Structure formats: C-alpha cells, structure tokens
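Here is a short walk through one protein fold, written for someone who likes to think at the bench. Keep the viewer open as you read.

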Amino acid sequence: MNPSIAASLPCAVEPLIPHARRMCLLTRLIAASDDGATAETWTRHDDLFAETDGIPAWVGVEWLAQTVAAWAGFRASGSTATPAPGLLLGAKRYRARVPVFAFDQRIQVTITVDFVADNGVTQVSGELRRAGSDEPPLAHGSLTLYRPDSMPTPGDA
C-alpha cells in the first residue's frame with residue numbers, strides 16, 4: 001500500500017462507501033493494509049437498527065461487510081480506479097457472544113482477506129471487539145463476497 005495513503009488514517013468511512021442515507025453504519029476507518037482493515041462504529045440510540053436493549057448482534061454481519069467495502073474504497077482512493085460494487089453472498093460461522101451490542105460503546109471491526117479468486121469471489125474473516133478492551137471478541141465469522149466485472153453503478157441507465 002502507498003505509504004502516503006496510509007498516512008491519512010484514521011479517516012471517515014462515509015466517503016469510501018457509496019451507501020445512501022443512513023445505511024453507512026461505520027464511523028471511521030482506523031487501519032488498512034494490503035490484506036485487511038479495522039473500522040469503528042458507535043452503538044447509538046438513534047442507529048437505524050436500534051432496538052430497546054441495543055443493536056441486534058446480526059447487524060455485526062453488515063459491519064463486517066461495510067469494513068470490507070471501506071477497505072476497498074480506501075485502496076482505490078490511491079489510484080484513479082473506482083471500487084466496484086460488491087455483493088454479500090453469505091456469512092459462515094458468524095457467532096456473537098451477546099444477543100445485542102449495548103448502547104454507547106465503541107466497537108472495532110477487523111477484517112482479514114483470506115483469498116480473492118480470479119472470478120471475483122472474496123473470502124474474509126473478521127471479528128468485532130469493544131474498543132480498548134482485552135475481553136474476547138463480541139462476535140466473529142467469515143463472509144463470502146462477490147465483485148462482478150459488469151455490475152451497474154448508480155447513475156447507469
């Protein structure tokens with residue numbers, strides 16, 4: 001990775017992933033390398049998926065997927081390339097230690113790219129941890145994603 005790009009971390013996630021309205025669920029990208037990234041989110045009462053007790057643990061799958069998108073967007077920011085849209089094909093062995101993520105916590109989401117196949121299929125593993133805590137991960141699992149070569153982007157008609 002270009003060292004001058006890495007020097008711009010941490011950075012806001014929103015410019016890196018083209019999600020509409022409030023669907024960008026992460027706050028900032030704090031680290032990125034050739035084979036992974038770490039992002040952060042805050043569990044807030046006004047979160048799109050907030051319930052009475054907190055953020056449901058299944059939302060962690062989307063946090064993992066958005067961390068992959070932020071990683072791809074950050075890597076593309078150092079070139080003229082635009083990151084291709086991606087599709088989440090599935091989550092394997094996603095396990096959460098808690099049923100909900102309590103409010104007012106800073107959660108770090110770390111992904112590692114396990115492989116990228118020639119056909120655009122990517123496998124990543126990841127975990128969610130309470131920032132600054134040495135406790136076991138709140139959740140962990142693997143995602144399978146796909147980046148097609150010719151997927152329409154917003155504005156294409």
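In this predicted model, a good place to begin is L29, which is in contact with L9, P10, C11, V13, L16, A37, T38, A39, A70 and F74, leaving aside its neighbours within four places in sequence. L29 also belongs to the largest nonpolar core, a set of 36 residues. Together with W63, F101 and L128, L29 touches the most other members of that core. Which elements each supply at least two residues of this core? They are β2, β3, α2, β7, β8 and β9. Helix α2 gives the most, with 10 residues. As general background, nonpolar side chains tend to be buried together in soluble globular proteins.

**The sheet and its helix**

Next, the strands. The model has an open sheet of 7 strands, in the order β1-β2-β3-β7-β8-β9-β5, and the pairing is antiparallel. The edges are formed by β1 (11–12) and β5 (87–96), each of which pairs on one side only. Helix α2 packs on this sheet and touches β1, β2, β3, β5, β7, β8 (121–130) and β9 (139–146). The direction of α2 makes about 65° with that of β7.

Strands of a sheet pair through backbone hydrogen bonds, either parallel or antiparallel. Here, β3 and β7 (residues 106–116) run antiparallel and are joined by 7 bridges. A39 is a handy landmark, as this residue stands opposite V109 in β7.

Is T67, a residue of helix α2, buried or exposed? At 0% relative accessibility, T67 counts as buried. Not counting residues up to four places away in sequence, T67 touches L26, A37, A39, V109 and I111. A39 and V109, the residues that stand opposite each other, are thus both among the contacts of T67. A37 and A39 also appear in the contact list of L29.

**Salt bridges**

Now for the charged side chains. How many salt bridges does the structure hold? There are 7. Three of the pairs are set out below.

| Salt bridge | N to O distance | Relative accessibility of each partner |
|---|---|---|
| D34 and R75 | 3.2 Å | D34 47%, R75 36% |
| D46 and R44 | 2.9 Å | D46 51%, R44 36% |
| R129 and E127 | 2.7 Å | R129 27%, E127 25% |

Take D34 and R75, whose closest N and O atoms are 3.2 Å apart. What does this pair tie together? D34 lies in the loop between β2 (28–33) and β3 (36–42), while R75 is in helix α2 (residues 59–76), so the bridge ties together parts that are 41 residues apart in sequence. D34 is partly exposed, and R75 is partly exposed too.

The other two pairs can be read in a similar way. D46 counts as exposed because its relative accessibility, 51%, is over the 50% cut-off. Its partner R44 is partly exposed. In the remaining pair of the table, R129 is partly exposed, and E127 also counts as partly exposed.

Some charged residues are joined in a larger arrangement than a pair: R28, E40 and R106 are linked in a network of salt bridges.

Notes:
Residues are numbered from 1 along each chain as its sequence is written. This is a predicted model: local features need pLDDT of at least 70, side-chain atom pairs count only at pLDDT 80 or more; totals for chains, interfaces and linings use all residues. Side-chain values use heavy atoms; hydrogens and water are left out. A salt bridge is a side-chain nitrogen of Lys or Arg within 4 Å of a carboxyl oxygen of Asp or Glu. Helices (H or I, at least four residues) and strands (E, at least two) are DSSP runs, numbered from the N terminus. Buried means under 20% relative accessible area, exposed over 50%, partly exposed in between (1.4 Å probe, protein chains only). Two strands pair if DSSP finds at least two bridges between them. Contact means heavy atoms within 4.5 Å. Axes are lines fitted to C-alpha atoms, for helices over the stretch in contact, and angles run from 0 to 180 degrees between N-to-C directions. A nonpolar core is a set of buried Ala, Val, Leu, Ile, Met, Phe, Trp, Tyr and Cys residues joined through side-chain atoms within 4.5 Å.
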